[in-house]
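Q: Please walk me through this structure, one term at a time. I would like to know what each label rests on.

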Amino acid sequence: MQVWDLVNRMHGQMRVSPGAVTGFDMGAALAMADALGINPLVVAEWVPPIEAQLVKALADKQGD
């Protein structure tokens with residue numbers, strides 16, 4: 001649940017290229033996790049797959 005809360009706080013911490021979101025700023029994600037007391041190993045394990053699905057969903061939505 002803590003990782004999901006972290007992901008929901010990451011709205012302003014995205015890596016973007018012209019016209020596309022490419023993922024989270026993982027440095028910012030780990031810094032936020034540290035500030036929130038979330039184990040960085042858990043973040044490193046769970047955030048990348050969530051990030052991949054988010055990027056895919058945004059790309060699919062843009063293709064509509």
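A: Start with handedness. A crossing is left-handed if the near helix is turned anticlockwise from the far one by less than a right angle, and right-handed if clockwise. Here α2 passes α3 in a right-handed crossing. α1 also passes α3 in a right-handed crossing. This is a predicted model: local features need pLDDT of at least 70, side-chain atom pairs count only at pLDDT 80 or more, and totals for chains, interfaces and linings use all residues. Residues are numbered from 1 along each chain as its sequence is written, and side-chain values use heavy atoms, leaving out hydrogens and water.

Q: How many helices and strands are there in the protein chain, and what pattern does the chain follow?
A: Helices are DSSP runs of H or I with at least four residues, strands are runs of E with at least two, and both are numbered from the N terminus. By that rule the protein chain has three helices and two strands. Along the sequence they follow α-β-β-α-α. The C-alpha atoms fill a box of roughly 40 × 20 × 15 Å along the principal axes.

Q: Why is His11 called exposed?
A: Buried means under 20% relative accessible area, exposed over 50%, and partly exposed in between (1.4 Å probe, protein chains only). His11 has 65%, over the 50% mark, so His11 is exposed. His11 lies in the loop between α1 and β1 (14-17).

Q: What makes Leu30 partly exposed?
A: Its relative accessible area is 35%, in between the two cut-offs, so Leu30 is partly exposed. Leu30 sits in helix α2. Contact means heavy atoms within 4.5 Å. Leaving out residues up to four places away in sequence, Leu30 touches Pro40 and Val43.

Q: What makes α1 oblique to α3?
A: Axes are lines fitted to C-alpha atoms, for helices over the stretch in contact, and angles run from 0 to 180 degrees between N-to-C directions. α1 and α3 pack at about 55 degrees, with axes 10 Å apart. Angles under 35 degrees count as roughly parallel, over 145 as roughly antiparallel, 65 to 115 as roughly perpendicular, and the rest as oblique. That makes α1 oblique to α3.

Q: Why is α2 called oblique to α3?
A: The axes of α2 and α3 cross at roughly 140 degrees and come within 10 Å. That angle falls among the rest, so α2 is oblique to α3.

Q: How do you know which class the residues in these two contacts belong to?
A: Ala, Val, Leu, Ile, Met, Phe, Trp, Tyr, Cys and Pro count as nonpolar, Asp, Glu, Lys and Arg as charged, and the others, Gly among them, as polar. In α1, Val3, Trp4, Leu6 and Val7 meet Val42, Val43, Trp46, Val47 and Ile50 in α3. That contact has nine nonpolar, no polar and no charged residues. In α2, Met26, Leu30 and Ala33 meet Pro40, Val43, Val47 and Pro48 in α3. Here the split is seven nonpolar, no polar and no charged.

Q: What makes up the largest nonpolar core?
A: A nonpolar core is a set of buried Ala, Val, Leu, Ile, Met, Phe, Trp, Tyr and Cys residues joined through side-chain atoms within 4.5 Å. The largest one has ten residues: Val3, Leu6, Val7, Met10, Phe24, Ala29, Ala33, Ile38, Val43 and Val47. α1 (2-9), α2 (26-36) and α3 (40-63) each supply at least two of them. α1 gives the most, with three. One member, Val7, is in contact with Phe24, Val47 and Ile50, leaving aside neighbours within four places in sequence.
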